[in-house]
Amino acid sequence: MAELVFFSGTMDCGKSTLALQMDHNHRARSRVGLIFTKLDRMGESVLSSRLGLSTEAHEVTDELDFWDVVVDHLTHGHRADYLICDEAQFYTAEQIEQLARIVDELGIDVNCFGITADFRTELFPGAKRLFELADRVQVLQVAALCWCGARATHNARIIDGVMVVEGEQVVVGDTAAASATLVEYEVLCRRHYMRRMNSHAARMASATPDVLPFDLDVCPVPPRD
Ligand SMILES: [Zn+2]
């Protein structure tokens, strides 16, 4: 029985590495898959992991119709045993519905990989629809770590070293935009997310070595704005 599975986690938890490993395992058993991704940090039409591995992939645009792509692939005489869909949080709700239809009507396994919530702690549309429709949601067990060493559960957006909680939902990181602002992402534990205490802020706050370890109580939770 084919399944729609959502492998979810924070950034840096090894999702793309697992996606590549899964593709490798299927190929080793002579199974044929289609790989999709969106806004990969290495550029268009490539699925890459932070460990340095990468493979070619179909780039998902908002206009892409998964059903059409897969049916077209099959009617041209090609095989498809499974789909691997990375960065699925960025897909539209309609695209997740297309993936569910591929599972149900074509009997093809669809494995989606993605983060759940954005830098404001709100669900991405693709992740939300996957929670609603997936046969299984699997939370990845390779825990990303906050700078304090606790398990990181939240994705923070950092602009020029300062954590922000407002702005566009999707801004690709590690890029210095024309405005010369540097957008980065950092995974934090909830405690430090709520206190807006990213690693840079923590370093600044503990500049004198004798106040280490950093005392949480001196960084109260900022009021909601
Ligand atoms: Zn922490």
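These are legends for a handful of close-up views of a predicted model.

**View 1. The whole chain, for orientation.** The predicted chain has six helices and twelve strands. Out of its 225 residues, 32% count as buried. Looking at contacts with a separation of 6 or more, 73% come from residues 24 or more positions apart.

**View 2. An open sheet of six strands.** Follow the strands across in the order S5-S2-S6-S7-S1-S8, with parallel pairing. S5 and strand S8 (136–139) sit at the edges with a single partner strand each, so one side of each has no neighbour in the sheet. Zoom in on strand S2 (residues 33–37) and you'll find four bridges to S6, running parallel. Leu 34 is one residue to pick out here, with Leu 83 as its bridge partner in S6. S2 is also joined to strand S5 (residues 58–59), again parallel, by two bridges. There, Thr 37 has Glu 59 in S5 as its bridge partner.

**View 3. S1 and S7, with helices laid on the sheet.** S1 and S7 pair in the parallel sense through six bridges, and Phe 6 finds its bridge partner in S7 at Cys 112. Helix H1 (residues 15–28) lies across S1, S2, S6 and S7, and its direction is at about 160° to S7. H3 packs on the sheet too, where it touches S1, S6 and S7 and makes about 155° with the direction of S7.

**View 4. Where H2 meets H3.** A packed pair of helices is described by the angle between the axes and the distance between them. For helix H2 (residues 66–75) and H3, that comes to an angle of about 40° and axes 8 Å apart. On the H2 side, the residues to display are Phe 66, Trp 67 and Val 70. Across from them in H3 are Gln 95, Gln 98, Leu 99, Arg 101, Ile 102 and Leu 106. Sorted by class, this contact has six nonpolar, two polar and one charged residues.

**View 5. The buried side of H4.** In helix H4 (residues 125–133), the buried residues are Gly 126, Ala 127, Arg 129 and Leu 130. They lie on the same side of H4, because they cover an arc of only 165° around the axis. What covers them includes strand S1 (4–9), H3 and strand S7 (109–115).

**View 6. Glu 87 and its surroundings.** UniProt, in an unreviewed entry, places the feature "active site" at Glu 87. To find Glu 87, go to the loop between strand S6 (82–85) and helix H3 (93–106). Is Glu 87 buried or exposed? Glu 87 counts as buried, because 24 C-beta neighbours fall inside 10 Å and the cut-off for buried is 20 or more. Setting aside neighbours within four places in sequence, Glu 87 is in contact with Thr 37, Lys 38, Leu 39, Asp 40 and Gly 114.

**View 7. Glu 184 in S12.** This close-up centres on Glu 184, which is found in strand S12 (residues 182–188). Glu 184 counts as partly exposed because it has 16 C-beta neighbours inside 10 Å. Draw a distance from Glu 184 to Val 172, twelve residues apart along the chain, and the C-alpha atoms are separated by 8.2 Å.

Key:
Residues are numbered from 1 along each chain as its sequence is written. This is a predicted model: local features need pLDDT of at least 70, side-chain atom pairs count only at pLDDT 80 or more; totals for chains, interfaces and linings use all residues. UniProt positions are given in the numbering used here, feature names are shortened, and annotations may be inferred rather than shown by experiment. A residue is buried if 20 or more other C-beta atoms lie within 10 Å of its own, exposed if 12 or fewer, and partly exposed in between; C-beta atoms are placed from the backbone. Two residues are in contact if their C-beta atoms, placed from the backbone, lie within 7 Å. Axes are lines fitted to C-alpha atoms, for helices over the stretch in contact, and angles run from 0 to 180 degrees between N-to-C directions. Ala, Val, Leu, Ile, Met, Phe, Trp, Tyr, Cys and Pro count as nonpolar, Asp, Glu, Lys and Arg as charged, and the others, Gly among them, as polar. Two strands pair if DSSP finds at least two bridges between them. The arc is that of the directions from the helix axis to the C-beta atoms.
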